[in-house]
Every structure is written in structure tokens, then in C-alpha cells.
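Please read the following report alongside the sequence and the three-dimensional coordinates, with the contact between the chains as the starting point.

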Amino acid sequence: MEYFLGVDYPTLWYLVIGLLFSGYAILEGFDFGAGAWHLFLRKDLSRRIAINAIAPVWDANQVWLVIGGGALFAGFPVMYATMLSAMYVPFMLFLMFNVLRAAAIKFRSAEEMLWWRKTWDYVYSISSIMISFLLGVVLGNILQGFALGPNYAYQGGMFFSFLNPYAIMVGLTTLSLFMTQGAIYLLLKTEGKLHVRLTFLLKKGMLFFIISFGITTLYTLVFIPEVTENFRENPLYFVVPIISFLAVANVPRLASKKRYMLALVFSSLTMAFLLILVALQLYPTLLISTIDPKYSVTIYNAASSQKSLGIMLTIVVIGTPLLAAYFIFLYRTFNGKVKLDDTSY
Amino acid sequence: MDVEILARIQFAFTIAFHYIYPPLSIGIGLIMVLTEGLYLKTGNKEYEILTRFWIKIFALTFGIGVATGIIMEFEFGTNWAVYSRYVGDIFGSALAAEGLFAFGLESTFLGVLLFGWNRVKPWVHFVSTVGVFLGSMFSAVWIVVANSWQQTPAGFHIVGEGLMARAEVTDFWAMVFNPSSVDRIIHTWQGAILAGAFLVLSVHAYYIRKGRYIQISKKAFKIALVVATIFSLGQLVSGHSSADGVAVNQPAKLAAMEGHFEKSAPADLYLLGWVDKDKQKVTGIGIPGGLSFLVHQDFKAPITGLNSFPVEDRPSQVNAVFQFYHIMVAIGMALIGLSLFACFMWWRGKLFETKWLLWIFSFAVILPQIANQVGWFAAEMGRQPWVVYGLLRTNKAFSQEVTSSHILFSLILFLVVYSILFVLFIYMVNKKIKHGPYEEAEKTVNFTTV
């Protein structure tokens, strides 16, 4: 086993993937969230502004999904293959809504007809909601574990078995988190009446989050206590949920002071810390086998070879600063409130 | 229906649909770089108008390319889990490099390209255009590297057995520069550039025929014609080099491409024909010993035929491989002929007066698209029954836990969603073409003055 700064390669790659997924959740979180609110904005102009608030950046945000998926495939091919084939239906739906959403963003404002725009508004908003929800559903399934037998064969292959109560709760929590994130982002990008309306919507979003997060936490503690095993062994881990609670508590305070950028930072921190929470709960397992722990997928039996991980860590070390530079350039270019012009959707 | 067949149909359908778009983006990307570069150099507004116009079309092809491409990235895992575990160590690093180096570059600069006209300096915008173009070229590199490894695996060793077996990298650069990588990257790039160049030729030929935007259309047509001529001739060179590689590395595929069955006899080169697999005979017009000559520069040199391989190790759809391959070659030749003839007319000063030639160009846009598709079909079907040549069989590589009802469900979804997407794409492109480049530009003036 090779090490870097005392950490083995699979663990390093686990961190890389965690970072990529956090990036995806934070960045696409706000554009999915913005999409989820879309039907709550009433006027056509408001809806156009909302779409154009994400238009220059959403393509770039998808990079995190592409790289995250690639990193999972590259670093933990067994996890990638087992999770995707076991979660076939939710992933196919997720991908399909992704396509529909992309089409809606591109095509919505291309025609003036009311029916055209309304149809695409529905497509855009429903696919944004479903994508957020399905991501959470998959996460909920991962937390509960899969019925994995020998050779990583999934044995729970009913068509709708992915849709169980716990997964639904995690799905709703994810949606509420993204909606909070989305509302703050839109507040940052808008002015006037639309802005006032969004202040009201943010409050609803926060409430939605607190309720669904509370239920999910209780559910976890009562029905799947084995998930929290790592925490009982390391009481220090409890710092993480406390931090995420403090971060989320800051959001409404900052929003009421109109410090949206900071509110966005704190809501992003909440997301990051919740993902760290999940990562700590699972480590070093990736998929718990509910049949027999010896069939579980862990970062060690799922990982690519040391050599391959070494190569990919080099790629990440070279590529990440480049990517960071592109993103800083992009977000600086489109800083500030949305102004519609001829290039807008 | 059989899970394997359904999974293959779904993969073929989704990848073929996806492959309409990225080549267009690469090709249009090059034209945008040229027109915007000329605008910066000459300050001529017409080049700016052309750039703005093609960026609008590029936005459509790129957007659909990304959306359908993400599906491909995950479809390996959903439908080909055994394959994914087998190749993850190798394929994964190429995919990760693609995401980080190529897709990262193109997607972030895309925002500036589309929405940054009024926000950044002209040279910064030009840099973004170049960034997007280079990103799309790099994307092709990594994806073709991964596919080439499946054709001609190198730089690896096998660990484990049965369903747990997997290939692990031993030499990264040997894996990247496996025997077929370079030829196939160049062939793919050029095919992509031709797809874009012929779209540009088609649209501007249409404008010239209709007497609209003649001034700028002539400029655009000439730029695209130069590109088309260079790269259609280039395809001849890289195509030949690719075929030489196939002769050495994948003899069963080469034999299928020309319908050559006999174990060790001179092989013919067909212009067109029909393969009867049972009688092991090709009926058609061709040059006797032509394939032997192309590979060995000798009409009598023996070529390994399909009968040299056990039945279970050779492609079963010989006629399909033969037809796809020959359609690609025929179109390649037609594109060379068309481009050279247009250059000749340009030299004679009659290019834009020859209405029938412009008419052909308006419709020729479909040709490189067909060639790109059938070329890939020939390459992939010729590799069968292997998903990784000589190592992993396609019928052992699909997800064991996914049932046919699962795939039927997703396949129907894909058919419905992609049909809608395709109709919308055609409608939108057509609308933008009908509106023309100037109306877009005039709108700019209105918006900025209001």
C-alpha cells in the first residue's frame, strides 16, 4: 500500500471524490434549487431573470458531475458499477431529467408563445425538483446499504425497491437544502419585486429544510442505528453535526441582514458538513451489504490499482488549480445582478 | 428480449445520437476560431457577425452534446457493470482526465463565449473561443484513447478471474499511446471538423442561392471550403494509416470490412458489394487483389481471412461491417471530389455563379454525418464478439442484475426524449438559419441603445 503524508491512496481518493461531490452539491445545488422555485415565480419576466441568473454558469457547474462520475469510475470502479447497476431506475430517471432540464433552459425563451414558455417552465421546474430528489433518494439507499451477494451481485432488483420511506426522506431533505441554496443565489442575483418575493420564499425553504432534516435525523437514529456506529466509537465526530447545525442557523440571520453572499457561504458549508457527516458514517465502507458484511464494497476492495490511483492523483494535482482558475474567471465575469441583453435566453 | 441485445441496442442508440453533436461542435468551433481571429486581425465587422451567428448554433450543438454525453458516462455503470469493473482502472483515468482537462476547459469558457460579449474585452472573448475549441478537441482525445484501448489493449496486466477479473495499468503512456490511438484520434478529429465545415458550407450556400447575406456568406463559404478541402484530403491519409493498423492489430475486423473469408489468399478491394456469409462469397465490383496491394503493396500478398478465426471469435455481422465501411469510404471520396471541384471553380472565378454546385453543398451537410456514424459502426461491430479485443466478450460484460424490463423501460424513455430533442434541435437550427446572421446583429443594436 502506498502512502502520501501518512494517508493511503484509496483514502486520498475518497477525499477527492468527497470534494468533487461537495462541489457538485454546492454549485449545482443552487441551480437545481433555483429551478425548483421556478413555478413559484409568477411573471414571465421574473422567470426569465431566474433562468438567466444561472444561464452562464450551469453548464460549468455540470463539470462537477462529469468529473465526479469520472473520478468514481476511475478510482472505485467496483463502486461505480455496483451502485449504478443496482440503482438502475433512479439513475436512468435522473439522467433523463438532466436532458429535459438542459433542453428547457436552452429552449424556453426561444419562442414568444405563452404555451411554449409555460410548457418549458413546467419541464424545467419539475426536472430540477426530480433531479434533486433522486440524488437524495440514491444517497438514502446508500446509507441503508444494498442487498449485495457474492461478486457484488445486487439481489434487491425490484423495479421500485429504491423508493422506500427512508430514501424518500433523504430525497426531500436534499431537495429542501438545494431549494434553500437556490433561493439565496437568486436573492444575490435579483432586485425589486422579484427580490422581495424571494425573501419570502427563502423562509419557506428554510422551514421545509428544518422539518425534513429533523424527521430524517430521528428516522436515522431510531431505525438504522448501525449507520451511526462510527460516531459512537469516535465521539469527536459529533463536532461535525454541531458545526453544520450552527452553519444552517446562521443562514436566516444573514439573509435578513441582506448579506446574501455570506448566507450562501454558510448554506454551502451546511451542505459540505452534511456530506462530511455521511462520509464519516460510511468510511471505509462505500456500500454496506445487508446480506453479509463480507460482501460489502469498501474503498479497499473497490479501488483501482495503486499505480492507477497514483497517476490519477497526479492528474488531480495538475488539473484542480486550472479548473479553479477557470471557475474564478467565469464567476467574476458574471458577478452582480442579472441584466437581460441580446445574448440572454 | 435478451438482456444483452437490449443493452447493446440502447448503447448503440444513445451513443449514435450523442455522436451527431460533438463532431458538429468541434467543426463549428474551428470555424468560430478562424472567423473571430480574422475579426481581431482585420477589424472587419462582417467577421464578428459571422462569429456571433455561428456561436448561436454552436450553443445548441454543444448543449445537446453535453446532456447526451453525461448519459454515456453513466451508462457504462448502469448497463455494463462487469465491463466497468474490468476496465475501470484503465478507462477511468482517461475519463477523469477528459473531465478535468477537457470538459472543464470547454464548459467554463462556454459561459463567456455565449454571454460575455458585452462583459469582456474582444481578445478575452477570443481566448475563450479558443479555449472552448481546444477543450472539445481534448475531449475527443481522451474518449478515443479509451475506445482505442478496447480495440488494441496495451500497457496493462490482468488480475483476478471470472466476474472479478480486471485489467490494471502497468504503463500509463503505453496505455494512452496504444497501437491504434494516434491514427484514430486524427481520423476522428478530421471527421468532426468535416461535419462542422460542411454545415457552414451548407448554410452559406443556401444564403447565396437565395440571394441573402451574400457578402458575408461568400467569406464564410471560402473559409469553410479551405477547411473542408484540407481535412477531406487528410482523411484519405489517416484512413489509410488506420486501415494499415487494423490489418496488423485486428485482422478479423479487416477481413470483415472487405468480406474476405479464405484463410490465406490475396484479398480484393470492393467498390461496392454484398456479402453472403453462408456461401462465404462477395458479389460486387472491385479490384482483384486490391486489399493485398493496399496493405502489402503487392497484389498477390496473402491476407488473413475470417476462416483463420474460430467462429466464436469473429464478427457475426460481416455484411453490416462491410456495408458500413464501404459507405464511409465512398462518402470520404465524394467529399474530396466535391471540395476539390469547388476549389477549381473558385479558381476559375465561377464558384458562386454555379447554382447547381451550391445546391449540392446545401444538402452535402448530411454526408459527413453519415460517414461519421457508419465509420463508428464499422469500427465497433468489426470488433465483436469482443468488447475489449481478445480479452472480454460482449456477452459477458453487461450488468447481471439489470433485467430486460429495466432496459425496455429506459430504452423507451430514451426513444421518446431523444426524438423530442432531435425535432427541437432541427426546429431551432432551422429557425436561426431562417432569421439569418444580420437580424441577430440588428437586435444587438436595439438592445444596447434601449
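How many residues of chain B are in contact with how many residues of chain A? The count is 61 residues of chain B in contact with 60 residues of chain A, two residues being in contact if their C-beta atoms, placed from the backbone, lie within 7 Å. On the side of chain B that touches chain A, helix 3, helix 4 (81-115), strand 2 (166-169) and helix 14 (404-449) of chain B each supply at least two residues, and helix 4 of chain B gives the most, with 25 residues. The residues of this side divide into 32 nonpolar, 21 polar and eight charged, where Ala, Val, Leu, Ile, Met, Phe, Trp, Tyr, Cys and Pro count as nonpolar, Asp, Glu, Lys and Arg as charged, and the others, Gly among them, as polar. Helices (H or I, at least four residues) and strands (E, at least two) are DSSP runs, numbered from the N terminus.

This is a predicted model, in which local features need pLDDT of at least 70 and side-chain atom pairs count only at pLDDT 80 or more, while totals for chains, interfaces and linings use all residues. Residues are numbered from 1 along each chain as its sequence is written, and chains are lettered from A and ligands numbered from 1 in the order in which they are written. The mean pLDDT of chain A (pLDDT being the predictor's confidence in each residue, from 0 to 100) is 87, and 99% of its residues reach 70 or more.

Chain A comes to twelve helices and four strands. Its radius of gyration, 20 Å, is close to the 20 Å that the globule rule gives for 345 residues, so chain A is as compact as a globular protein of that length; the radius is taken over C-alpha atoms, and the rule is 2.2 Å times the number of residues to the power 0.38. Buried residues make up 54% of the 345 residues in chain A, a residue being buried if 20 or more other C-beta atoms lie within 10 Å of its own, exposed if 12 or fewer, and partly exposed in between, with C-beta atoms placed from the backbone.

Two helices, one from each chain, can be described by their span and bend. The expected span is 1.5 Å times one less than the number of residues, and the bend at a residue is the angle between axes fitted to the seven residues ending there and the seven starting there.

| Helix | End-to-end C-alpha distance | Expected span | Bend |
|---|---|---|---|
| Helix 3 (residues 45-79) of chain B | 50 Å | 51 Å | about 30° at E73(B) |
| Helix 12 (residues 306-333) of chain A | 40 Å | 40 Å | about 30° at G319(A) |

In helix 3 of chain B, 32 of the 35 residues are buried, so this helix is largely enclosed by the rest of the structure. In helix 12 of chain A, P321(A) follows the bend within four residues, and the buried residues include G319(A), L323(A) and Y326(A). The buried residues of helix 12 of chain A pack against helix 1 (9-37), helix 2 (44-61) and helix 3 (63-75) of chain A, together with helix 4, strand 2 and helix 6 (172-176) of chain B.

Some backbone details lie in loops. The peptide bond from Y283(A) to P284(A) is cis, with omega near -5°, and P284(A) lies between helix 11 (260-282) and strand 3 (285-287) of chain A. In chain B, the bond from Q384(B) to P385(B) is cis, with omega near 5°.
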